[in-house]
Amino acid sequence: MADAIAIAADLPFRAQLVEFILHLSRSLPNATEAINKDLLAQFEAQVKTEDPNAEIPEENRREVVKALVAKVAELRGAMEGLKDADAESSHLLLQHLISSNFDTSSEEYKSLVKSVIESVKKAGEAAWATKRITRHEQACRVLNNTYNYLPSSSPLRPVALLSLITLLGLSSDLKSLSLTPSNLSAAISQWDISNEEKSSFLSSAAAIYAQARETRKSLELSLIAIEQLQAGSHVVEKALIYAIADEKRYTVDDVVRAPGVQEKLEGKTAELVALFQGDVAEGGKKGQEWVAANQSWIEGQNVPSFTAEGVLRKLRAIALVQLASESSNQQLSYSDISSALQVDSSEVEVYVIDAIRDNLLKARLSQPTSTVRILSVSSVASRNFGAAEWQLLERRLQDWKKAIGNVKVVVDEAEAIAAQGPITNRPSGPRQDKGRRENRENRENREQREQREPREPREQREQAREEVAA
């Protein structure tokens, strides 16, 4: 970008104009050489002077630039027929023409730049609708270059960035935009616009991310508006909805603790937050009733991942965690879970497996006994630690102490056996003596059999039989 600006600055206005019109002419529908010449002649006539070397009056230059911007808007970004590099360089040249001939703080300058940004955004949207991915990506790069061209304090930067986010949202490629909370906060602090306008930008960007099911990023943007810009109740409401819509989130405490949020909680949002912060053990029953009564309100939020089913699933998951954390013997029956969650017993395993997958608890399921053995529980449902929680903790510590005592007994017995040395060197007991006597008697009997008189050789026996026969 810096190279393009340096080259443009070294060229006189007429040369810049000719260069841009050459790019612009390639975007004309059914463009021919004759049409291109006519277009060039039309603009050159507006800057023609008696002395070719004379400086063109400022008013004439401005009129030409305004005509160029109007033509770009008419051609929807004027990117058709251009190679990627040509489209990017031509738009950088156009931005230079605008900024070098108009006061950058004037409303006229802002209007012209906004017109160009809007035309590029429309070109990108049309390209995506007609499956021309390369043209869509080209529009994204032009908007990115435009944002970088503008000064860091320019009030037009949020316009360019929001248009870029809009196009990236169409292709679900928002992750390619490195928009971390720290970087964005630093950028926003420099924009020369009011806090209301900054908050509006963040809300609009958050809504685009939400449509792409990137609710975690939506929540980040909303929290910036709440914590740094003291955003209104509408932003607070959306932030809480994004928090609940995030599939991996099971608490809204951090959002509620943000400055000014408690005071701005109202209506249905306050009721929903109360379900997540109240007695979660009754979340299944109360949640089912609330969702059934507020189905239309949930759908009206226009957040794809914020659904009645999703809200109820989370409330039941939190109720399951609470039930598990209060179990004195760390074991739950399917019937207990079914009753607490207000679900059929056939759905119990689904909820337990979901809770394990989301790291809400660690457990083992036993289908033969229809029980769930609790190994550990997340703190998501333990927001308040009162007398009941202290009693439960005491019981578990006692059980733990007893289990450790049993382990110590086993270890002590093993150490005592090891201290006796190898088996062959240990003192013999009654059973060992009996075994040894039996071995000795067997050995003596075997020796007696071996001491019997040996038989005569075979030849001698046959000779003796022959003598008897004679």
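**A three-stranded sheet and its helices**

Six bridges join strand E2 to strand E3, and these two strands run antiparallel; here two strands count as paired if DSSP finds at least two bridges between them, and helices (H or I, at least four residues) and strands (E, at least two) are DSSP runs, numbered from the N terminus. The model is predicted, local features need pLDDT of at least 70, side-chain atom pairs count only at pLDDT 80 or more, and totals for chains, interfaces and linings use all residues. Residues are numbered from 1 along each chain as its sequence is written, while side-chain values use heavy atoms and leave out hydrogens and water.

Across the pair of E2 and E3, Arg364 stands opposite Arg373 in E3, and in their hairpin, which has four residues between the strands, Ser370 takes a positive phi near 55 degrees. Strand E3 (residues 371-377) is also joined to E1 by three bridges, again antiparallel, and Thr371 in E3 is the bridge partner of Ser333.

Together the three strands form an open sheet in the order E1-E3-E2, with antiparallel pairing. Strand E1 (331-333) and strand E2 (361-366) stand at the edges with a single partner strand each, so one side of each is left without a neighbour in the sheet.

Two helices lie across these strands, where contact means heavy atoms within 4.5 Å and angles run from 0 to 180 degrees between N-to-C directions of axes, which are lines fitted to C-alpha atoms, for helices over the stretch in contact. Helix H19 (residues 334-341) lies across E1, E2 and E3 at about 75 degrees to E1, whereas helix H20 (residues 348-357) lies across E2 and E3 at about 145 degrees to E2.
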